[in-house]
Protein chains: 2
Amino acid sequence: MLSKNKIKFINSIKKKKYREIHNCFFVEGEKLVDELIYSDFQVNEIFATSNWINDNQIKTDSYPDIEVNEISENELKKISSLTTPNKVLAIATQAFYEYSINKIQSKLSILLENISDPGNLGAIIRIADWFGIENIFCTNESVDVYNPKVVQASMGAIFRVKTHCIELKDFFSDFKDQKDFNIYGTFLEGNNIYSESLDKNGVIVMGNESHGISDSIKPYINKKLFIPNYPNGGKTSESLNISVATAIVCSEFRRRV
Amino acid sequence: MLSKNKIKFINSIKKKKYREIHNCFFVEGEKLVDELIYSDFQVNEIFATSNWINDNQIKTDSYPDIEVNEISENELKKISSLTTPNKVLAIATQAFYEYSINKIQSKLSILLENISDPGNLGAIIRIADWFGIENIFCTNESVDVYNPKVVQASMGAIFRVKTHCIELKDFFSDFKDQKDFNIYGTFLEGNNIYSESLDKNGVIVMGNESHGISDSIKPYINKKLFIPNYPNGGKTSESLNISVATAIVCSEFRRRV
């Protein structure tokens with residue numbers, strides 16, 4: 001059974017403020033909870049229907065520290081953020097990762113400036129997972145990575161890709177003496193990405209959905225890229241969606257390796 | 001002023017059934033209505049705040065057939081499908097396009113099998129627009145292209161890309177004697193798209209979000225493609241989001257031209 005206090009608590013952590021206070025977030029549905037259990041994340045509590053509990057006995061028995069609470073379909077509806085609640089909801093502790101310039105220098109990473117749509121952020125985490133990009137840096141003003149819609153849209157990739165919340169100035173000042181390290185960004189006046197030389201390592205900067213890369217970041221970018229439309233110069237949309245553009249850029253980097 | 005009947009009518013066409021009965025759909029916000037007015041679509045009525053009407057006098061004067069109705073911000077809220085209504089809502093007639101095998105054979109097209117998420121369909125229409133793909137074929141079971149969320153997510157690309165609602169069997173039977181024409185699809189067991197030869201023309205089939213390409217379509221596909229993850233064989237997400245995968249496939253076709 002679910003106490004009123006527990007319902008109140010779970011509903012409170014739908015908001016970033018309370019997720020930060022309690023240093024936790026929640027994960028919903030069979031597939032995602034499955035990935036969560038097998039991930040390095042600390043799972044605190046599981047709320048599930050009797051059906052799920054019966055089907056997953058072996059799994060939960062292997063992790064005796066996880067408290068499993070049986071709840072009814074109706075109770076699940078009261079705490080779920082999904083239109084169609086799916087058997088199980090788990091509460092986990094947020095992960096905070098350390099990074100060092102040295103390690104980042106030998107990898108390909110993504111930096112998102114003030115990304116605002118949770119669906120886009122989730123999709124980009126999934127893209128990073130697919131293309132073996134271990135680290136995503138998000139500016140402080142970005143949508144919270146532990147927003148339930150981000151977690152859902154990441155389809156479990158959030159348990160593998162390391163996300164960092166950063167202060168832009170600190171981040172770039174770390175790299176200012178690394179002359180050989182490339183910071184890439186997409187611009188309408190950039191060079192054709194298909195023919196431009198691309199390093200194996202670097203940081204790919206993607207700007208906000210409406211405003212693109214801001215003037216405060218531009219000076220740090222030493223390789224400006226452009227995804228050409230087809231036919232060149234034809235009448236078309238003003239831009240591509242940010243997750244779509246990120247996918248094309250990452251694909252182009254990985255194709256060359 | 002907005003009559004009760006008009007409010008009822010506009011709210012009714014948020015549903016596919018009534019959009020079909022009245023053969024219309026609606027478009028919201030300054031940017032999209034602007035693109036609509038300059039497109040080949042027939043605009044029936046515009047409902048806008050006095051602000052919008054004053055700012056767009058020159059535009060609407062050039063199209064005297066369009067009825068422009070002044071409404072208040074409060075009235076706009078009653079008919080809008082947006083969280084933050086944006087000055088203007090226009091009602092337009094749905095477009096139906098003809099196609100012939102001959103024309104399709106000399107182009108690159110996209111076929112979507114039972115795509116269900118309106119955000120994904122809108123994003124794919126935008127991708128097609130960017131990459132000069134004139135025609136998108138959607139199976140009958142797909143989400144309606146004139147769904148308000150599809151229109152919104154297409155960011156105006158829906159006014160340029162031709163979308164066709166098709167019966168699968170009819171579509172493929174048209175192509176059965178065209179031996180040289182390629183039907184492409186993405187599969188986990190497909191060939192690496194980066195090294196596979198790709199024609200300039202063909203149909204790219206993308207499957208449903210959850211189920212991929214169905215067994216009934218597989219026999220028609222003569223080029224199976226795969227977007228390799230990185231590093232090859234690394235632990236990663238099961239798949240990419242459908243709009244993201246479509247973007248990478250289209251980018252790869254257009255890169256080669």
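Buried residues make up 41% of the 257 residues in chain A of this predicted model. The secondary structure of chain A comes to eleven helices and ten strands. Along the principal axes, the C-alpha atoms of chain A fill a box of roughly 60 × 40 × 35 Å. If we look at contacts in chain A with a separation of 6 or more, 77% of them join residues 24 or more positions apart.

**Where the two chains meet**

Let's turn to the interface. How many residues of chain B are in contact with chain A? There are 29, and they touch 29 residues of chain A. On the chain B side, the elements that give two or more residues are α8 (118-130) and α11 (242-256). Of these, α11(B) gives the most, with seven residues. By class, the chain B side divides into 15 nonpolar, ten polar and four charged residues.

A useful residue to find in the viewer is Ile127(B). Setting aside neighbours within four places in sequence, Ile127(B) is in contact with Leu240(A) and Val244(A) from chain A, and with Ser243(B), Thr246(B), Ala247(B) and Cys250(B) from chain B. Ile127(B) also appears in the largest nonpolar core, which has 142 residues. The members of that core that touch the most other members are Ala90, Ile127 and Ala128 of chain A, together with Ala90, Ile127 and Ala128 of chain B. As background, nonpolar side chains tend to be buried together in soluble globular proteins.

**A pair of helices in each chain**

Two packed helices are described by the angle between their axes and the distance between the axes. Start with chain A, where the axes of α8 (residues 118-130) and α11 (residues 242-256) come within 9 Å and cross at roughly 15°. Are these two helices roughly parallel or roughly antiparallel? An angle under 35 degrees counts as roughly parallel, and α8(A) and α11(A) are therefore roughly parallel to each other. The crossing of α8(A) past α11(A) is right-handed. From α8(A), the residues Asn120(A), Ala123(A), Ile124(A) and Ile127(A) meet Ile242(A), Ser243(A), Thr246(A), Ala247(A) and Cys250(A) of α11(A). This contact has six nonpolar, three polar and no charged residues.

Now look at chain B. Here α8(B) and α11(B) pack at an angle of about 15°, with their axes 9 Å apart. That makes α8(B) roughly parallel to α11(B). The crossing of α8(B) past α11(B) is right-handed. Asn120(B), Ala123(B), Ile124(B) and Ile127(B) make the contact from α8(B), while Ile242(B), Ser243(B), Thr246(B), Ala247(B) and Cys250(B) make it from α11(B). The classes in this contact are six nonpolar, three polar and no charged.

**A helix with buried residues**

Another helix to visit in chain B is α3 (residues 30-37). Which residues of α3(B) are buried? They are Leu32(B), Val33(B), Glu35(B), Leu36(B) and Ile37(B). Among the elements that cover them are the strands β1 (24-28), β2 (43-48) and β4 (88-93) of chain B, along with helix α5 (57-61) of chain B.

**Backbone details in the loops**

Most residues other than glycine have a negative phi, and most peptide bonds are trans. The table lists some places that depart from this pattern.

| Place | Feature | Value |
|---|---|---|
| Tyr230(A) to Pro231(A) | cis peptide bond | omega near -10° |
| Tyr230(B) to Pro231(B) | cis peptide bond | omega about -10° |
| Asn114(A) | positive phi, not a glycine | phi about 50° |
| Met155(B) | positive phi, not a glycine | phi about 55° |

Pro231(A) is found in the loop between β10 and α11 of chain A, and Pro231(B) lies in the loop between β10 (223-226) and α11 of chain B. Met155(B) sits in the loop between α9 (148-153) and β7 (162-166) of chain B. Is Met155(B) buried or exposed? Buried is the answer, because 21 other C-beta atoms lie within 10 Å of Met155(B).

Asn114(A) belongs to the loop between β5 (108-112) and α8 of chain A. Because Asn114(A) has 19 C-beta neighbours inside 10 Å, Asn114(A) counts as partly exposed.

One of the residues that touch Asn114(A) is Asn208(A), whose contacts beyond four places in sequence are Glu113(A), Asn114(A), Ile115(A) and Ser116(A). Asn208(A) is found in the loop between β9 (202-206) and β10 (223-226) of chain A. With 18 other C-beta atoms within 10 Å, Asn208(A) is partly exposed. Asn208(A) and Glu113(A) are 95 residues apart in sequence, yet their C-alpha atoms are 5.6 Å apart in space.

Notes
Residues are numbered from 1 along each chain as its sequence is written. Chains are lettered from A and ligands numbered from 1 in the order in which they are written. This is a predicted model: local features need pLDDT of at least 70, side-chain atom pairs count only at pLDDT 80 or more; totals for chains, interfaces and linings use all residues. Two residues are in contact if their C-beta atoms, placed from the backbone, lie within 7 Å. Helices (H or I, at least four residues) and strands (E, at least two) are DSSP runs, numbered from the N terminus. Ala, Val, Leu, Ile, Met, Phe, Trp, Tyr, Cys and Pro count as nonpolar, Asp, Glu, Lys and Arg as charged, and the others, Gly among them, as polar. A nonpolar core is a set of buried Ala, Val, Leu, Ile, Met, Phe, Trp, Tyr and Cys residues joined through C-beta atoms within 7 Å. A residue is buried if 20 or more other C-beta atoms lie within 10 Å of its own, exposed if 12 or fewer, and partly exposed in between; C-beta atoms are placed from the backbone. Axes are lines fitted to C-alpha atoms, for helices over the stretch in contact, and angles run from 0 to 180 degrees between N-to-C directions. Angles under 35 degrees count as roughly parallel, over 145 as roughly antiparallel, 65 to 115 as roughly perpendicular and the rest as oblique. A crossing is left-handed if the near helix is turned anticlockwise from the far one by less than a right angle, and right-handed if clockwise.
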